[in-house]
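Colleague: I'm still learning to read folds, so please take me slowly through one part of this one.

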Amino acid sequence: MTSARLLPALLAFAVALPAATPPAAPAAAAPEAPPAARYEAGSRTRDGIGKYYFGREISQVMGHLGAGWLERAEREEEERTDLLLEALRLRPGDVVADFGAGSGYFTWRIAQRVGPSGRVYAVEVQPLMLELLQANLTRRGLADRMLPVLGTASDPKLPEASCDLILLVDVYHELEFPFEVTAALARALKPGGRLVLVEYRGEDPEVPIKPLHKMTVAQVRRELAVHPLEFVENLGVLPRQHLLVFRRPAATR
Ligand SMILES: C[S@@+](CC[C@H](N)C(=O)[O-])C[C@H]1O[C@@H](n2cnc3c(N)ncnc32)[C@H](O)[C@@H]1O
């Protein structure tokens with residue numbers, strides 16, 4: 001193929017960048033992805049989607065049939081979800097987003113901790129997951145503290161500067177548009193608010209999870225470095241997962 005014919009073919013593979021979308025208002029303008037943060041097409045492996053970001057193949061999304069696994073009785077012991085929740089240091093009145101909330105395993109536990117004056121946004125792309133989640137919180141009498149949000153693959157649909165904390169448990173590695181979503185999540189944080197990523201440890205072959213569903217600290221930090229977020233710490237309290245804390249600097253809008 002000549003280079004003149006190759007170029008359109010390559011462009012067809014490139015993912016539309018945020019700059020192509022006219023901003024609704026200056027404050028909501030999406031930043032343009034720097035060259036390092038652009039997507040590439042590549043070979044599609046069994047658990048992936050054939051789309052690469054910073055050299056990492058993005059994994060397939062867990063479907064709603066995975067809800068039983070998320071709610072399995074042994075999860076607390078295997079993943080020490082009790083320690084995870086403790087490490088978040090939630091306070092009554094906090095506004096939290098459980099992004100990629102699934103069946104609501106963490107949503108109702110967060111709702112309990114933020115109390116009646118707090119709120120939890122439960123963001124999902126799968127309407128069936130949101131239905132399960134809604135039923136889950138209603139059954140526990142916690143639905144009035146929860147705001148269900150049906151997002152899209154590239155837009156979490158969260159209000160700007162609304163959250164004290166945004167939690168992603170086993171979600172980041174399956175984001176189809178990690179640049180756009182992370183940029184939007186950074187904007188949805190209040191200044192000083194925290195973004196917390198929980199990911200199975202990619203450095204550890206003993207963690208019994210498929211490779212594309214794990215991430216290394218180096219990879220997460222590389223990918224998040226293009227956003228206006230500062231890395232705070234990796235809380236090493238969980239048996240299988242990293243608990244990575246980022247913060248929106250207090251000085252940015
Ligand atoms: C592995 S599940 C984890 C669910 C939950 N965080 C938990 O730990 O129980 C990942 C969830 O993220 C959701 N998800 C993936 N991409 C998303 C996006 N762009 N916006 C919102 N949710 C998303 C999927 O639909 C799925 O329910």
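Among contacts in the protein between residues at least 6 apart in sequence, what share join residues at least 24 apart? After that, please zoom in on strand S7 (residues 163–169).

Modeller: Quick housekeeping: this is a predicted model, where local features need pLDDT of at least 70 and side-chain atom pairs need 80 or more, while totals for chains, interfaces and linings use all residues. Residues are numbered from 1 along each chain as its sequence is written. Your share is 65%, with a contact meaning C-beta atoms, placed from the backbone, within 7 Å.

Now for S7, one of 11 strands alongside 8 helices; these are DSSP runs numbered from the N terminus, with helices (H or I) at least four residues and strands (E) at least two. Buried means 20 or more other C-beta atoms within 10 Å of a residue's own, all placed from the backbone. In S7, 6 of the 7 residues are buried, so the rest of the structure largely encloses this strand.

S7 has parallel partners, and pairing takes at least two DSSP bridges. With S4 (residues 95–99) there are 3 bridges, and Val96 is matched with Leu165 of S7. With S8 (residues 189–201) there are 6, and Val169 sits opposite Val198. From S7 the chain goes through helix H7 (residues 178–188) to S8, a right-handed β-α-β crossover: with the strands pointing away from you, the path from the first strand over the helix to the second runs clockwise.

Val169 also belongs to the ligand story: 23 residues surround the ligand, and Val169 is among those that come nearest, together with Met62, Gly100, Gly102 and Tyr105. Being near here means a C-beta, placed from the backbone, within 6 Å.

Key. A residue is buried if 20 or more other C-beta atoms lie within 10 Å of its own, exposed if 12 or fewer, and partly exposed in between; C-beta atoms are placed from the backbone. Two residues are in contact if their C-beta atoms, placed from the backbone, lie within 7 Å.
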